[in-house]
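Student: Hi! I have a structure open and I'd like to talk it through. Can we start with a word I keep tripping over, "exposed"?

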Amino acid sequence: MSDTSTPARAWTRWQDWAEVVLGVVAVLSPLWMDTTNTVMWTMVVLGALIALDGLFSLAMPGVVYGEYVQVVLGLLLFISPWVMGFTDMTGAMWTAFIIGALTIVAGAAALPAANTAHQGMAG
């Protein structure tokens, strides 16, 4: 009756687990780096949104727009050093670049699995 293939099962996609871990690392990164108040809140807010989106995607693997949100959040974190003006803070800048890029990659990698899960649930 129900489709139990790997892409449609909740809490199993590595891409979404990676997103949760990346978000948590972004949230906690101000603990071990020098930041300003703006940088800290940028990392905390975007990291929390990334982690929450990962949890949402884990719980509901057939919702494809969660992966698009993940890519957008990763892009926002990637460009945040320029937008928020912390390119002079090397540690925070590289953390934002790396976590943002990895979030984009994980979101793009999850799109085929999310599409398959969505089609499996719709059909």
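Tutor: Happy to! A residue is exposed when its relative accessible area is over 50%, buried when that area is under 20%, and partly exposed in between. Keep in mind that this is a predicted model.

Student: Okay, so is Trp-82 buried or exposed?

Tutor: Trp-82 has 52% relative accessibility, and the cut-off is over 50%, so Trp-82 counts as exposed.

Student: And which ring does Trp-82 pair up with? Let's hear about the aromatic pairs.

Tutor: The whole structure has 6 aromatic pairs. One of them joins Trp-11 and Trp-17, with 6.1 Å from centre to centre and 45° between the planes, which is a tilted arrangement. Trp-82 pairs with Phe-97: the ring centres are 5.0 Å apart and the planes sit at 35°, so this pair is tilted too.

Student: Where do Trp-82 and Phe-97 sit in the chain?

Tutor: Trp-82 is in helix α3, residues 65-83, and Phe-97 is in helix α4, residues 90-122, so their pair ties together parts that are 15 residues apart in sequence.

Student: Is Phe-97 buried or exposed?

Tutor: Phe-97 is buried, because its relative accessibility is 11% and the cut-off for buried is under 20%. Ring pairs also connect Trp-82 and Phe-97 with Phe-78 and Trp-94, giving a cluster.

Student: Let me zoom out. How many helices and strands does the chain have?

Tutor: There are 4 helices and 0 strands. Reading from the N terminus, the elements go α-α-α-α.

Student: What share of the residues is buried?

Tutor: Of the chain's 123 residues, 42% count as buried. The chain exposes about 6,500 Å², and 72% of that comes from carbon and sulfur atoms.

Student: How much of the contact list is long range?

Tutor: Take the contacts with a separation of 6 or more: 72% of them are between residues 24 or more positions apart. As a single example of parts far apart in sequence, Thr-116 and Gly-62 are 54 residues apart along the chain, and their C-alpha atoms are separated by 7.7 Å. Thr-116 lies in helix α4, and at 43% relative accessibility Thr-116 is partly exposed.

Student: New topic: charges. Why would two charged side chains pair at all?

Tutor: Side chains of opposite charge can pair when their charged atoms come close.

Student: How many salt bridges does the structure hold?

Tutor: The structure holds 2 salt bridges. In one, Asp-16 meets Arg-13, with the closest N and O atoms 2.8 Å apart. In the other, Glu-67 meets Arg-13 at 2.7 Å, N to O. That pair links distant parts of the chain, since Glu-67 is in helix α3 while Arg-13 is in the segment before α1 (14-28), 54 residues away.

Student: So Arg-13 turns up in both. What does that make?

Tutor: A network! Salt bridges with shared partners join Arg-13, Asp-16 and Glu-67 into one network.

Student: Are those three buried or exposed?

Tutor: Asp-16 is buried at 1% relative accessibility. Arg-13 is buried as well, with 5%, and Glu-67 is buried with 0%.

Student: What about the outside? Which residues form the nonpolar patch on the surface?

Tutor: The patch is made of Trp-11, Trp-17, Trp-41, Val-45, Leu-49, Leu-52 and Leu-55, and together they have about 710 Å² of accessible area. Helix α2, residues 37-59, gives the largest share, 5 residues.

Student: Pick one from that helix for me. Is Leu-52 buried or exposed?

Tutor: Leu-52 is located in helix α2, and Leu-52 counts as exposed because its relative accessibility is 54%, with the cut-off at over 50%.

Student: And the two Trp residues from the tilted pair, Trp-11 and Trp-17?

Tutor: Trp-11 is partly exposed at 44%, and Trp-17 is partly exposed at 38%.

Student: Last thing: how sure is the predictor about all this?

Tutor: The mean pLDDT of the chain is 89, and 89% of its residues reach 70 or more. Residues 1-7 are where pLDDT stays under 50, and for them the model has 9 contacts beyond four places in sequence.

How values were computed
Residues numbered from 1 in each chain as written. Predicted model: local features only at pLDDT ≥ 70, side-chain atom pairs only at ≥ 80, totals over all residues. Heavy atoms only, no water. Patch = residues over 30% accessible without salt bridge, like charges linked within 9 Å, V, L, I, M, F, W, Y side chains within 5 Å. Areas by Shrake-Rupley, 256 points an atom, 1.4 Å probe, with all protein chains shown as cover. Salt bridge = Lys/Arg side-chain N within 4 Å of Asp/Glu carboxyl O. Helix = DSSP H or I, 4+ residues; strand = E, 2+ residues; numbered from the N terminus. Buried < 20%, exposed > 50% of the residue type's maximum accessible area, 1.4 Å probe, protein only. pLDDT = per-residue confidence, 0-100. Contact = heavy atoms within 4.5 Å. Phe/Tyr/Trp six-rings, centres within 6.5 Å; stacked < 30°, edge-to-face > 60°.
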